[in-house]
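This report goes through selected features of one protein model. Sheets come before helices, and single residues come last.

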Amino acid sequence: MANVTETQKETEISTKELTNAERFALALKRHGVKFIFGQSNPQTIMLACSDLGIKQIGFRQENAGSYMAQAYAMCSGTVAVVAAQNGPAATLLVPGLAECLKASHPVVALVDEVPISEEEKNSFQELDHVKLFSGVAKWVKKVPAEARIEDYVDMAFTAAASGRPGPAILLIPKDISFDTKKNPLQIERKACLSAYPLDRTIADPSRIEVAAELLANAERPFIYAGGGVISSGAIDELRQIQEECSIPVATTTMGKGSVDEEHPLTIGPIGYYMGKGGATKFLRPVVEEADVILLVGNRTNQNGTDSWKLFSKDARFIHIDIDPLEIGRNYESLRLAGDAKLTLEALKNALLRKNLEKRDKQRPSLVEAIAKARKAHTEEAEKIQNTDHSPIRVERFLAELEKQLTDDHIIVADASFSSVWLANYIKAKGSRKFIFPRGIAGLGWGLPMAMGAKVAQPNQKVFCLSGDCGFAHVWSELETCKRHGIDVVLAVINNEVLAYQKWAEQARWGRNTSACDLTAVDHAKVAEACGVKGIRVSSPEKIEETLKEAFATEGSVVIDLKADPASFPPLPFLSVLNNI
């Protein structure tokens with residue numbers, strides 16, 4: 001039928017008898033799914049989804065697809081869907097799902113399963129997927145019969161989006177998905193369960209009052225905001241407390257963007273990277289001397305606490321988190337178990353009922369201290385940021401990048417040094433969104449996450465910074481960018497070393513293994529081989545025009561940045577190498 005609208009097609013399918021695959025597709029459509037990151041499997045479900053207008057983003061490898069799904073969830077506010085064949089393809093989902101589990105990102109993975117009639121017979125690519133995924137997912141279930149299709153799809157989305165968000169795995173036996181018989185749809189469902197947080201809860205009101213009293217009367221309080229603030233959509237509530245109650249705010253790496261780093265009461269990103277050149281190096285005393293610390297959506301992990309040495313042993317902690325098990329994990333805290341958005345709103349109201357004279361009185365001196373520390377950082381960093389040294393210092397590149405990024409850019413980092421560079425040298429201001437793979441901090445996430453972000457927000461510009469080792473994991477996805485018209489700008493730090501590993505080994509042992517040194521690769525030519533624009537920049541005076549060209553280009557661009565291998569981000573343990 002010519003000129004059939006999507007709505008008409010959906011109505012026709014929903015009123016006819018349906019195959020099992022069509023029922024899966026209709027359930028996904030009901031949950032608002034617009035894209036599936038997949039590679040044709042499960043086959044019949046992908047075909048049925050295409051009939052309903054659900055677009056497949058055909059990645060080159062499943063691990064990259066799971067990274068795309070993660071960023072899609074982070075930028076869309078909805079559960080992302082990734083799919084894979086059983087066996088080896090399924091195993092490649094594991095790293096991405098582990099990241100999502102640790103960093104609390106909701107993804108539903110649809111995974112082929114051998115037919116129920118062939119279980120335990122060494123069917124082709126048969127594997128115990130329940131055991132495979134049990135350590136990297138909140139929920140792993142197999143659809144037991146065609147009668148339960150809608151039940152299990154709904155359960156998967158509920159598991160992913162409720163409580164602490166995370167991955168849910170739906171195993172789909174092929175004798176169910178391949179069955180071409182049509183049966184009447186027994187139950188018409190309407191619930192859409194893809195937005196997260198799916199359910200919002202609020203902490204105990206009596207404890208909120210105690211927390212407000214502690215913060216109002218503290219001598220030196222601050223708020224330490226983690227990625228849970230952003231996942232909860234609690235940015236406005238946090239910023240209101242910062243401004244209206246005069247409480248300074250620091251962030252974790254994943255919490256970057258929850259407050260504006262140009263606000264006079266923003267401390268900035270803190271943790272293990274407050275060394276020479278660090279954005280918050282000169283604010284360390286404010287953090288170390290705090291007597292009351294409000295943790296929000298914060299895992300209090302090793303890097304975010306400088307191996308749990310950053311805070312005073314005498315400090316008192318208040319901890320807001322959706323996951324009760326995170327509260328008090330590393331610091332005994334006043335427990336505020338609940339959604340960050342609702343709980344921060346209630347806390348703000350409780351604070352405004354208190355006497356905030358102490359907070360208001362201390363504000364001018366805090367503002368002055370923060371401004372003085374920012375100036376000291378600028379003075380310390382500007383010599384290296386203005387250098388004409390060649391190979392290019394990464395700080396020099398980032399100084400120019402900061403000038404050319406828009407205030408609504410989506411900024412993505414790969415793991416390792418790339419995350420540290422962007423956390424410290426690119427400001428969170430306006431509505432910039434930052435995406436970091438900090439759950440398990442694995443290499444190779446950068447480009448695929450940038451792609452997932454762009455799919456979720458096609459009208460926003462996306463920039464990604466990756467090292468040459470991280471980029472090597474996922475070169476092939478440049479073809480995916482070209483094929484699907486996914487436009488991102490990626491800068492590759494081409495320093496021909498596995499930098500974090502090499503310099504950590506040098507700092508600790510005085511030597512490094514042979515695996516840390518690489519041979520030369522022209523990443524611009526790699527890009528061009530995939531039909532994507534590549535630009536090699538090897539001199540500082542070319543950085544400005546290169547960035548302008550990249551951001552003005554239609555289509556994806558790879559900037560091959562010939563960088564100094566001895567560009568060290570502000571990690572204190574690397575200070576012993578300053579003479580290199």
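The text below describes a predicted model, with its sheets, helix packing and some local backbone features taken in turn.

**Two open sheets**

One open sheet has 6 strands in the order β9-β8-β7-β10-β11-β12, and the pairing is parallel. The edges are taken by β9 (266-269) and β12 (333-337); each has a single partner strand, so one side of each is left without a neighbour in the sheet. On average, neighbouring strands here are turned by 15° against each other, direction ignored. Within this sheet, strand β7 (residues 221-225) runs parallel to strand β10 (residues 292-296), and 5 bridges join the two. One of the bridge partners is V292 in β10, which pairs with P221.

Another open sheet of 6 strands follows the order β14-β13-β15-β16-β18-β17, with parallel pairing. Its edge strands are β14 (433-435) and β17 (533-537); since each has a single partner strand, one side of each is left without a neighbour in the sheet. The average turn between neighbouring strands of this sheet is 15°, direction ignored. Strands β15 (residues 462-467) and β16 (residues 489-494) run parallel and are joined by 5 bridges. The bridge partner of G467 is I493 in β16.

Which strands does helix α23 touch? Helix α23 (residues 543-552) packs on the sheet and touches β15, β16, β17 and β18 (557-562). The direction of α23 makes about 170° with that of β17. Helix α18 (residues 446-456) lies across β13 (410-413), β14, β15 and β16, and runs at about 155° to β13.

**Helices**

Helix α10 (residues 205-217) packs with helix α14 (residues 340-352) at an angle of about 55°, and their axes are 9 Å apart. That angle makes α10 oblique to α14. The crossing of these two helices, α10 and α14, is right-handed. From α10, the residues I208, E209, A211, A212, L215 and A216 take part; they meet T343, A346, L347, A350 and L351 in α14. By type, the residues of the contact of α10 with α14 divide into 9 nonpolar, 1 polar and 1 charged.

Helix α16 (residues 394-404) is mostly covered, with 10 of its 11 residues buried. Among the buried residues of α16 are V394, F397, L398, A399 and L401, and also E395, R396, E400, E402 and Q404. The cover over these buried residues of α16 includes α15 (357-385), α17, β15, β16, α23 and β18.

**Local backbone features**

Most residues other than glycine have a negative phi, and most peptide bonds are trans. The table lists exceptions.

| Site | Feature | Value |
|---|---|---|
| N41 to P42 | cis peptide bond | omega about -5° |
| Y196 to P197 | cis peptide bond | omega near 0° |
| S246 | positive phi | about 55° |
| S416 | positive phi | near 65° |

These sites are in loops, as follows. P42 is found in the loop between β1 (35-38) and α3 (43-51), and P197 in the loop between α9 (174-177) and α10. S246 is in the loop between α12 (235-244) and β8 (249-251). Is S246 buried or exposed? With a relative accessible area of 2%, S246 is buried. The place of S416 is in the loop between β13 and α17 (417-425).

**Two buried residues**

N495 lies in the loop between β16 and α21 (499-509). The relative accessible area of N495 is 11%, so this residue is buried. Leaving aside residues up to four places away in sequence, N495 touches D468, A563, D564 and P565.

V82 lies in strand β3 (residues 80-84). This residue, V82, is buried, with a relative accessible area of 0%. Which residues does V82 touch, not counting residues up to four places away in sequence? They are F37, F59, G65, S66, A69, L93, V107, V108, A109 and L110. A71 is 11 residues from V82 along the chain, and the C-alpha atoms of V82 and A71 are separated by 12 Å.

Definitions and conventions:
Residues numbered from 1 in each chain as written. Predicted model: local features only at pLDDT ≥ 70, side-chain atom pairs only at ≥ 80, totals over all residues. Heavy atoms only, no water. Pairing = 2+ DSSP bridges. Helix = DSSP H or I, 4+ residues; strand = E, 2+ residues; numbered from the N terminus. Axes fitted to C-alpha atoms, helices over the stretch in contact; angles between N-to-C directions. Contact = heavy atoms within 4.5 Å. Parallel < 35°, antiparallel > 145°, perpendicular 65-115°, else oblique. Left-handed = near helix turned anticlockwise from the far one by under 90°. Nonpolar A, V, L, I, M, F, W, Y, C, P; charged D, E, K, R; others polar. Buried < 20%, exposed > 50% of the residue type's maximum accessible area, 1.4 Å probe, protein only.
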